[in-house]
Amino acid sequence: MISSECLRSFSQIVAKAKEQGYYPYFHSLSASFGPEVEIDSKRVIMAGSNDYLGLSNDPRVIAAATDALHNYGTGPGGSRFLNGNSILHDQLEERLAALTGKRKAIVHTTGFMTNLGIIGSILEAKDVILCDHDNHASIISGCDASPARMIVYRHNDPSDVSKQLEIITASKPDARILIITDGVFSMSGNIAKLQDLVDIKEKYPQSMIYVDDAHGIGVIGKRGRGTADYFGVTKKINFIMGTFSKALASIGGFVASDDEDLMLHLKHYSRTLIFSAALPASSTAAVLAALDIIEKEPERIRRLHENATYMRENYRKIGIGIEKGTIPILPIPIGNDTTAYNFASELFRNGVFAMPAVHPAVPRGCAIIRSACMATHEKHHMDRIIEILDSLIKKYHIRKSDLSDNQQNTANDQCP
Ligand SMILES: Cc1ncc(COP(=O)(O)O)c(C=O)c1O
């Protein structure tokens, strides 16, 4: 039990932050119009959303969710295993298997629950998980739920994976080894070096690769098929996991694989699938509609990439340390946590909503503003964001030239 002293001191920290106007969390939106949202009766530009394609507000997605509400009601009435499964779940699993180029897919109620239930059920106690240092918290919870031992490798460093595999196979020749990585890392926007990981895996037949592609599905690869497709290594990846809470405009998650026997096992043993309520029909139908639109309108992904390119180029022009590229996650390196809180508050007061990310989401001392762009941002939105950022990064002395190497590295591969 957390001591009452600890609880008191935490309450005091939060109260002080609120009093001084820099508490950044739990803003209450009263409406969302996609690239703009309403908070405290004020319309601000949304510059941190994972709704990358802007499909959450698409009338066709809303109509599909509304129809499903009328057909199935608001709640699922149970877990998929028992009475909560619907034709929509079955259809969605088929669509996701086709999208990711895998034989089978299993839908869960959130992405977090997918990682928790699936990673927790794949391995035995004699096995090992090799986990990227910067993997998402839900992967860590999945590793904690697994009887296998977890070993963390240096972020996006295939040579460290190779070294660890050599050590593990020498001491545990019978162990299965699951290498887990985000496809696109949620805070930095770095793309995992999947081709290198696949090359290494080929040398160790007892190893498998699990890619959490929460930020890759709908964003990269042919027609948004994700990071494995982007590298052309789909067949070599054992598990592709994704969420519906980002580009797919809903909520929920899935895992896809070619191993039909294992998938059948997981469908009966993933605790978060068996013992938790099914994804509601409205959310399921929304994903199906979003997939239809992505298929029919590839220009949306093109627009997202154009916007990301524009934002990255302009961030660089005003002195923000960010790589060129087309990934819509746009981290602004800040460094110190308090500066990040103050910076986010001042952004908000100037009509731009983007959240700070501090430890443990990023390494200590490497706080960022986790900004992101959407396909539905218009040029005037982006120019306004850039204009405000330009004045604030000068005021807070966080241009690339102002920051230490460590802080700058948050935006690239080498952050410790
Ligand atoms: C990489 C990654 N995996 C998993 C999740 C969890 O997904 P969900 O929000 O659907 O629970 C997230 C969410 O932020 C994520 O960024």
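Here is a friendly round of questions and answers about this predicted model.

Reader: Let's start with the whole fold: how many helices and strands does the protein chain have?
Author: Happy to begin there. The C-alpha atoms fill a box of roughly 55 × 55 × 50 Å along the principal axes. Within the protein chain, the count is 16 helices and 14 strands.

Reader: What radius of gyration does the protein chain have, against that of a compact globule?
Author: For 416 residues, a compact globule would come out near 22 Å. The value for the protein chain agrees with that expectation, at 21 Å.

Reader: What share of the residues is buried?
Author: A residue counts as buried when its relative accessible area is under 20%. Applied to the 416 residues of the protein chain, that gives a buried share of 56%.

Reader: Which residues are closest to the ligand?
Author: The ligand has 15 residues around it. By class, that shell holds two nonpolar, ten polar and three charged residues. The closest are Gly111, Phe112, Asp212, His215 and Lys246.

Reader: Which helix gives the most residues to the shell around the ligand?
Author: The contribution in question is three residues. They come from a helix that covers residues 111-122. That helix is α5.

Reader: How far is a polar side-chain atom of Lys246 from an oxygen atom of the ligand?
Author: Let me set out the backbone atoms before the side chain. A polar backbone atom of Gly111 is 2.8 Å from an oxygen atom of the ligand, and a backbone N or O atom of Phe112 lies 2.9 Å from a ligand oxygen. For the polar side-chain atom of Lys246, the distance to an oxygen atom of the ligand is 2.7 Å.

Reader: And how much of the ligand's accessible area does the protein cover?
Author: On its own, the ligand has 390 Å² of accessible area. The part of this that the protein covers is 84%.

Reader: How far apart are the end C-alpha atoms of helix α12?
Author: Helix α12 runs over residues 281-296, which makes 16 residues. At 1.5 Å a residue it should span 22 Å. Of its 16 residues, 13 are buried, so α12 is largely enclosed by the rest of the structure. The distance between its end C-alpha atoms agrees with the expected span, at 23 Å.

Reader: Is Asp40 buried or exposed?
Author: Asp40 sits in the loop between β2 (36-39) and β3 (42-46). Its phi is near 50 degrees, a positive value in a residue other than glycine. The relative accessibility of Asp40 is 62%, and the cut-off is over 50%, so Asp40 is exposed.

Reader: Is Asn156 buried or exposed?
Author: Asn156 also has a positive phi without being glycine, near 55 degrees. Its place is the loop between β6 (149-153) and α7 (158-171). With a relative accessible area of 5%, Asn156 is buried.

Reader: Which residue's side chain does Lys102 join in a polar contact?
Author: Lys102 lies in the loop between α4 (87-100) and β4 (104-108). Its relative accessible area is 7%, so Lys102 counts as buried. The polar contact of its side chain is 3.3 Å, and the partner is Asp258.

Reader: One for the backbone: what is omega for the peptide bond from His359 to Pro360?
Author: Pro360 is located in the loop between β13 (355-357) and β14 (367-372). The bond that leads into Pro360 from His359 is cis, with omega near 10 degrees.

Definitions and conventions: Residues are numbered from 1 along each chain as its sequence is written. This is a predicted model: local features need pLDDT of at least 70, side-chain atom pairs count only at pLDDT 80 or more; totals for chains, interfaces and linings use all residues. Side-chain values use heavy atoms; hydrogens and water are left out. Helices (H or I, at least four residues) and strands (E, at least two) are DSSP runs, numbered from the N terminus. The expected span of a helix is 1.5 Å times one less than its number of residues. Buried means under 20% relative accessible area, exposed over 50%, partly exposed in between (1.4 Å probe, protein chains only). A residue is near a molecule or strand if one of its heavy atoms lies within 4 Å of it. A polar contact is a pair of N or O atoms within 3.5 Å; within protein, one must be able to donate a hydrogen and the other to accept it, and residues adjacent in sequence count only if both atoms are side-chain atoms. Accessible areas come from the Shrake-Rupley method with a 1.4 Å probe; for residues, only the protein chains shown count as cover. Ala, Val, Leu, Ile, Met, Phe, Trp, Tyr, Cys and Pro count as nonpolar, Asp, Glu, Lys and Arg as charged, and the others, Gly among them, as polar. The radius of gyration is taken over C-alpha atoms; the globule rule is 2.2 Å times the number of residues to the power 0.38.
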